[in-house]
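User: I am new to this structure and would like a close look at a single part of it, chain A. Please take me through how that chain is built and how it meets its neighbour.

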Amino acid sequence: MSGTMVTGTTTTGAGIAVSVLQVALTVVGAPLLVGMMRQVRARMEGRAGAGVGQPWRDLRKLMRKKPLDPHGTGPVFRTAPLIQVATTLMVAAAIPFVSVDTGVGEAADLIAVVALLTLGTAALALAGLDTGTAFGGMGASREMTITALAEPTVLMAAFALSTRVGSTNLPAIVDAGLKDAGRVVSPVSVLAAFALAAVVLAEAGRLPVDNPSTHLELTMVHEAMVLEYSGPDLALVELAAAMRLSVLLGLWSALFLPWGTATSTGVLAVLGATALFVVKVGVLGAVLAAGEVFMAKLRLFRVPELLAGSFLLAVLAVAASFFLE
Amino acid sequence: MNLIGAGLACSVGLTGAASAAGLALPRRSRATGVGVLTAALGAAGVVVGVAALSGRTFSACLPDVLPLAGVYLGVDALSGLFITVAGAVVLAVAVYGIGYHGHGHDPGRAASALFPLFALAMLLVPAAASVSTFLVCWELMAVTSLLLVLTEHRRREQVREAGLWYAVMTQLGFVLILFALVWLAAAAHGETFAAIRAAAGHLSPAVRGTVFVLALVGFGSKAGIVPLHAWLPRAHPEAPSPVSALMSAVMVNLGVYGLIRVGMGLLGGGPRWWWLLAMAAGAVSAVYGILQASVTSDLKRLLAYSTTENMGLIVLGVGAAGLFGSAGKPQLAGIALAAALLHVVTHSAFKALLFAGAGSVLRATGTRDLDALGGLRQAMPVTTAAFAVGALGAAALPGGAGFVSEWLLLQSLIHGLAVPGIVVSVVLPIAVAAVALSAGLAVATFVKALGTGFLARPRSDGAARAAESPATMLAAMLMLAGAATVLAVAPGLAGSWLARAVAGVTPVGPAVADAVRTKLTVLGSTMSPLVVVAGTVGVTVVLAGLLRLVVGVRRRAVPLWDCGAGPPSARMQYTATSFAEPLQRVFDDVLAPESDVDVTPVVESAYLVERVSYHRVVPDRIEHRLYAPVLIAVRWCGERARALANGSVHRYLGYAFSSLVILLVALAAVK
Amino acid sequence: MSGAASVQVLDFACGVFLLAGVGALWRRALSAVIGLLAVQGAALAVVAAALGADEHHPELYAVAAGVGVLRAGVLPGLARRALAASGEDRESEPLVNVASSLLVAAALVLLAYAVAQPLARLEGSQGSRALPVGLASVLIGLFMLVARRKALSQVAGFLLLDNGITAVAFLAAAGVPLLVEIGVSFDLLLVVLVLRVLTVRMQSAFGTTDLDDLRELHD
């Protein structure tokens with residue numbers, strides 16, 4: 001087995017600093033990203049909008065409230081938001097957003113990253129079931145169905161991206177993309193990009209899979225699952241959802257728009273890469289928000305079609321990686 | 001006689017003692033006596049297995065034990081791995097049995113005496129080193145397990161049906177294995193494994209191929225590989241819980257052992273199509289098994305189908321190993337086989353744990369229907385926590401035992417690109433997709449099992465009255481949970497053992513063993529499991545602390561959101577059936593569920609509804625399509641054959657006589 | 001155009017060609033399907049032109065222009081008019097549902113790659129590497145003929161099939177003789193016209209263009 005480890009085999013102090021920077025960036029930036037996307041949407045729909053900082057103001061307001069325990073809920077309900085935030089933070093530390101030299105080293109594995117995000121989803125789904133309400137169960141059921149069907153696409157795309165690098169290690173994949181720009185614009189990469197884009201929408205709960213701003217029982221997925229949360233717990237859930245979105249967009253940009261990511265931990269390189277990363281994720285978010293203005297939510301039972309389509313693209317990516325290389 | 005020999009002798013002695021205790025002890029102390037002695041038997045098995053894994057070998061010939069053939073025993077590292085797993089699970093399950101049998105579920109004298117015999121048979125199968133010894137041990141295992149499945153046949157009607165299915169399937173499987181091994185022995189002019197191994201290379205491809213296919217089908221039926229899985233979701237749920245734990249966590253492994261031993265050990269690998277066949281069977285089993293598990297609402301049936309899934313993944317890994325081996329990539333083959341063997345180990349840990357948890361639930365509530373469970377986390381906190389650890393493992397999420405082995409399996413498949421050839425480049429993506437889909441569905445399945453079975457509020461009186469299990473059962477579950485957790489965070493500890501087991505069967509040099517060891521050590525020390533789990537747990541704890549600092553410790557209890565219509569009752573909860581409904585609809589074409597809705601209107605009106613009842617059954621479609629025609633054909637033959645038997649004794653004697661004469665004539669003609 | 005650039009263009013055009021074929025299977029709205037067919041036709045024209053540049057066959061430019069006009073312009077235009085005449089814009093209930101169709105398409109693409117690989121290796125030229133793409137389009141077209149009900153979907157499947165055949169011909173033999181191509185194209189035009197007439201007549205006779213209704217003629 002040719003496990004070509006380019007970087008990240010050793011955990012350096014600077015690498016850990018990069019990871020901490022990425023985590024901090026995600027925590028601070030994620031609500032701003034959501035605010036910016038809502039603002040874009042509002043402007044395009046002819047409204048003034050609440051401003052980019054509104055999600056942060058919401059979080060502050062929620063954190064000041066008293067924590068509540070709905071009747072009959074247990075430890076799972078209370079810890080699930082924490083687990084979701086924790087898994088997302090771990091992922092944020094691992095993915096090479098600003099530099100391929102993160103402090104997590106070999107743990108920054110594409111499959112492990114996906115599994116961690118799934119762990120967060122599963123924890124929240126269990127919390128939804130723990131409330132013992134119809135809404136909680138409904139949301140959990142739908143969310144898990146979508147997650148289960150998205151898994152093959154993710155791993156297939158991972159397969160396509162990792163075959164040429166000889167490893168599923170994220171820094172190695174990003175590093176290879178940086179060294180050889182031809183890889184990133186190759187058919188394999190383009191097909192995998194489209195496939196993963198559909199999965200990002202599904203996993204982040206965006207249109208057309210789920211509508212984050214709906215509270216109608218027929219259409220809720222994620223919101224139904226977390227209906228019983230309030231106060232600081234809700235703040236954590238909201239924060240986790242925002243971070244998940246930025247982490248997924250960041251992962252997508254790291255894989256398919258790697259240019260500008262630092263290959264060292266030099267201060268200037270990292271700062272430049274940070275600025276560029278913020279711009280990339282911001283542009284992706286704005287494009288997504290603009291696209292959502294023109295999109296309607298799919299019926300739940302049309303979602304498998306979308307995921308089957310993205311799976312097909314992933315298969316094509318794999319086929320291309322086998323045959324066109 | 002070295003440590004292994006002493007351990008084996010010791011375990012035989014302990015079995016005798018345990019069986020005698022089962023027969024002789026009074027009811028009050030029977031469970032404890034049998035349990036303690038069987039646990040010691042398991043411990044002896046662990047000693048034997050670990051000794052073999054540490055590099056010792058053992059072989060012995062006891063010519064007087066079996067007439068004509070004699071008993072040949074031989075333990076190498078591969079046997080050692082399976083013996084260790086079997087011994088460890090027997091140890092835990094025996095302890096579990098003390099509480100389970102001692103408090104209300106007394107199985108009776110016969111079953112108590114058979115239980116240790118079953119355990120011993122599973123330890124001896126991997127230790128057999130000749131065809132006749134192997135077959136005797138195998139049949140001992142089959143018969144004792146069948147009798148144990150039938151333990152509760154007086155209490156429930158379904159047990160008899162399950163027993164019948166199991167008896168037929170397991171004996172058919174045995175006949176196929178018998179044919180395969182006896183043919184192999186005849187062709188190789190020797191029945192010890194060493195003689196066969198030496199001669200196997202010179203056999204004709206047709207013989208080798210037929211033997212392999214027979215072995216794949218025979219051992220596959222024991223491992224619950226589709227389409228020979230039909231007995232598994234019947235027999236495993238109906239057996240008493242300690243027996244189901246042993247069957248689902250250990251006995252099925254021996255099917256895999258047989259496949260590896262015959263396909264790779266005795267035949268020394270083979271052409272590509274053998275392994276593609278194995279991979280196809282494995283992939284189909286993995287996806288079909290977990291799909292059925294995701295829509296069933298019987299907790300033990302769900303676990304049994306999940307066994308089919310995991311065995312499918314293991315057989316997929318074994319097939320990939322054979323494929324890479326036949327393509328001249330021994331390193332890749334070693335890693336794929338190591339992944340399969342690691343999954344054998346992790347699956348045994350979490351599946352024994354899950355069945356133990358399910359047994360505790362069954363004992364406490366009297367039902368295994370997830371639609372009637374719920375709310376157990378308050379009454380049974382330890383069981384719930386243990387089941388959660390097992391579910392995490394079965395869902396292959398970080399922190400669960402299954403994650404590491406599935407990760408390794410995916411790695412070996414992804415790196416299989418190095419193997420040239422179109423078939424490989426088409427098969428590997430499909431294999432990855434199958435593993436991925438089964439992993440995704442496994443998450444949904446075990447969220448359902450844990451979420452509707454243990455969380456929320458009780459859906460029936462039985463669930464509401466549940467109480468925590470006795471201490472011995474909890475101890476056993478904690479033991480298994482500990483083992484599963486250690487495997488999940490530090491699989492590297494088993495690295496050198498796995499490497500030795502792999503090196504024993506694939507015809508490769510120590511270089512491969514080294515590569516496997518390095519890969520697994522890397523996995524254990526620097527790769528994800530420990531970092532990922534420690535990081536996630538650490539961050540969660542820190543966040544919890546921060547949250548307490550910011551908002552304080554006191555939390556106020558409030559009612560649930562009820563849409564203003566009064567407090568929601570337990571009947572309004574999502575059940576396991578409703579949870580699985582979207583998946584069932586998505587896979588409608590594959591599962592072909594049968595559901596019907598009965599609407600009873602109020603007498604005077606066609607519009608006012610008095611009650612609506614909804615029934616849904618998801619039949620096993622493969623079983624319906626494949627087995628029903630066979631059963632009909634068999635019945636038809638039986639009806640026809642009745643004409644031959646008219647009750648006259650002379651006629652029967654005439655049949656026997658004429659068949660003897662025909663046989664002699666045939667012999668004379670052949671000579 | 002330099003060699004490397006024309007190969008890149010060729011790869012890109014083949015990718016678009018395949019994606020358009022898959023997209024035609026994915027979408028239910030018939031107008032979108034026709035749009036994708038036009039895209040596929042245009043990609044086919046680009047393939048021809050890139051091949052011409054790569055192998056220095058100027059007459060391929062003429063073929064490319066012809067293919068472009070016919071397949072990206074005329075045929076989709078005719079289909080669009082038929083669509084307007086029939087008044088049904090959705091393949092509402094295909095015989096095989098969309099998700100399964102897409103999985104079947106994935107399998108077909110893998111099959112096409114597996115089958116065409118030895119050929120591509122034998123040929124060794126730049127264009128023949130993309131041969132599986134054409135074969136995949138042929139298979140997807142055939143599958144669409146089997147799995148869709150509406151007459152216009154059948155037209156779409158037929159066009160996919162034919163685009164695939166043409167692509168295979170270009171890629172394997174660096175272009176069919178001009179005369180043959182023209183002949184085939186006229187056949188195609190005729191078929192589309194016939195199917196269009198059929199659609200209109202069916203619409204007036206049955207009120208729908210579901211081909212399964214033709215069974216009524218049998219009784």
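Analyst: What follows describes chain A by itself, then the side that touches chain B, and then the nonpolar core.

The model is a predicted one, and every statement below should be read with that in mind. Chain A has 12 helices and 1 strand, and if the elements are read from the N terminus on, two helices come before the strand and the remaining helices follow it. Along the principal axes, the C-alpha atoms of the chain fill a box of roughly 55 × 45 × 40 Å. For a chain of 325 residues, a compact globule would be expected to have a radius of gyration near 20 Å, and because chain A has 19 Å, its value agrees with that expectation. Of these 325 residues, 64% count as buried, and among the contacts in chain A with a separation of 6 or more, 81% are made by residues that stand 24 or more positions apart.

Turning to the neighbour, 67 residues of chain A are in contact with 66 residues of chain B. On the chain A side, at least two residues each are supplied by strand E1 (68-70), helix H3 (75-94), helix H4 (110-130), helix H5 (134-163) and helix H12 (303-323). The largest share belongs to H5(A), which provides 18 residues of the side that touches chain B. Sorted by character, the residues of this side of chain A divide into 41 nonpolar, 18 polar and 8 charged.

The strand of chain A also takes part in a pairing across the two chains, since E1(A) and strand E3 (residues 556-558) of chain B pair in the parallel sense over 3 bridges. Within this pairing, Leu68(A) has Arg556(B) as its bridge partner in E3(B).

The largest nonpolar core of the model has 443 residues, and those with the most contacts inside it include Met156(A) and Ala317(A), along with Leu246(B) and Val47(C). The largest share of this core, 23 residues, comes from helix H13 (residues 330-365) of chain B. Domain 1 (271-544) and domain 2 (571-601 + 609-617) of chain B both give residues to the core, which therefore lies between them.

Returning to chain A, Ala317(A) can be followed to its surroundings: leaving aside its neighbours within four places in sequence, Ala317(A) is in contact with Ala157(A), Ala160(A), Val188(A), Leu191(A), Ala192(A) and Ala195(A).

Methods
Residues numbered from 1 in each chain as written. Chains lettered and ligands numbered in written order. Predicted model: local features only at pLDDT ≥ 70, side-chain atom pairs only at ≥ 80, totals over all residues. Contact = placed C-beta atoms within 7 Å. Helix = DSSP H or I, 4+ residues; strand = E, 2+ residues; numbered from the N terminus. Nonpolar A, V, L, I, M, F, W, Y, C, P; charged D, E, K, R; others polar. Pairing = 2+ DSSP bridges. Core = buried A, V, L, I, M, F, W, Y, C linked by C-beta atoms within 7 Å. Buried ≥ 20, exposed ≤ 12 C-beta atoms within 10 Å, placed from the backbone. Domains from an automatic or database assignment. Rg over C-alpha atoms; globule rule 2.2 N^0.38 Å.
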